[in-house]
Amino acid sequence: MKITGTTRLAGIIGWPVSHSRSPLLHGFWLDETGIDGAYVPLPVKPEHIERALRALPVLGFRGCNLTVPHKQTALAVVDRVDPLARRIGAINTIVVTPDGSLGGTNTDAFGFRENLREAAPQWKPSSGPAVILGAGGAARAVIVALSDAGTAEIRMINRTRKRAEAVAGDLATPQTRITIHSWEEVSAVQRQAGLLVNTTSLGMVGEPPLILDLSSLPSSAPVVDIVYIPLETELLAAARRHGHPVVDGLGMLLHQGRPGFEGWFGESVQVTERLRTAMLATLAPVR
Ligand SMILES: NC(=O)c1ccc[n+]([C@@H]2O[C@H](COP(=O)([O-])OP(=O)(O)OC[C@H]3O[C@@H](n4cnc5c(N)ncnc54)[C@H](OP(=O)(O)O)[C@@H]3O)[C@@H](O)[C@H]2O)c1
């Protein structure tokens, strides 16, 4: 990478931010497209987020991504939030417009949908109810993606019922019913389902594994794990053994970066096998 006097700038703001793979992702696309641009990690403490975001246009940044713990707080700082991000309740991408104002969006729902479309093309919203494990930030993006695609019923399981109730209250629509269940009911909940998605952090390196009895889930139902370290979680290994189409979390991570790149650098980019291979090599835990 060569930095010049006209290099276009973007970055990722988080605290900490050293674990983020986004600089590698956008660095790959910058190399591939030959754009005179740079994407840098920006460690910003929670108490400084407003000042940091306001400084983006002053410093000539085209925008940024946001990661933990800023995704919710930044929503109240930016000048505009698109309706999708408003529903999800968090932003992960900011684009600075020519007048210096900040527009916030959330690209996780896009990333999820594109990954599912690519890795499980046979899945349709009409395939049956979708089972969603978890009720955190990622679950909200996945539910919005499935609801907007036309899924009529979402069955949610979460350890903390209150959190699931809040998500259902915010995201259920006349077209998409959201029901809440306990882990003990998982076998019944999986019956006649058309899709199962793990959005909990179970299965992630350093967390307990997610061990599920998948015998009541129809074998045509894709099993998606959005955890991407490790790439092959216990859940995906079990799903493979039962003959389910499986979808790992790396594709979602890669696809969610595309709208930001396009907004900052003005060129659309794709998720290719070469990119997947390059990113796979970086998935060992970073300290
Ligand atoms: N592939 C991608 O692009 C992508 C994008 C976003 C996130 N992710 C991954 O998705 C996972 C969740 O992220 P998030 O932002 O939604 O996190 P979050 O907001 O902190 O939510 C975590 C979820 O996991 C559940 N959970 C955690 N530990 C548990 C346990 N021991 N037993 C049962 N449930 C447990 C939580 O349940 P409670 O509500 O009961 O605490 C909650 O539903 C992470 O692994 C993250 O890396 C991947």
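This is a short walk through the nonpolar cores and the ligand site of a predicted model.

Residues are numbered from 1 along each chain as its sequence is written. In this predicted model, local features need pLDDT of at least 70, side-chain atom pairs count only at pLDDT 80 or more, and totals for chains, interfaces and linings use all residues, while side-chain values use heavy atoms and leave out hydrogens and water.

Start with the largest nonpolar core, which has 30 residues. Such a core is a set of buried Ala, Val, Leu, Ile, Met, Phe, Trp, Tyr and Cys residues joined through side-chain atoms within 4.5 Å. Buried means under 20% relative accessible area (1.4 Å probe, protein chains only). Phe112, Leu116, Ile132 and Leu146 have the most contacts inside this core. Among the elements that give two or more residues to it are helices H4 (108-119), H5 (137-149) and H6 (161-171) and strand S7 (130-133). Helices are DSSP runs of H or I, at least four residues; strands are runs of E, at least two; both are numbered from the N terminus. H5 supplies the largest share, seven residues.

Now look at Phe112. Leaving aside residues up to four places away in sequence, Phe112 touches Val142, Ala145, Leu146, Val197, Val224, Ile226 and Met252 (heavy atoms within 4.5 Å).

Next, the ligand. It is surrounded by 20 residues, each with a heavy atom within 4 Å. The closest are Ala138, Asn158, Arg159, Thr160 and Ile226. Backbone polar contacts (N or O pairs within 3.5 Å) also reach ligand oxygen atoms. The distance is 2.9 Å for Ala135, 3.2 Å for Leu253 and 3.3 Å for Ser201.

How values were computed:
Buried < 20%, exposed > 50% of the residue type's maximum accessible area, 1.4 Å probe, protein only. Polar contact = N/O pair within 3.5 Å; in protein donor to acceptor, adjacent residues only side chain to side chain.
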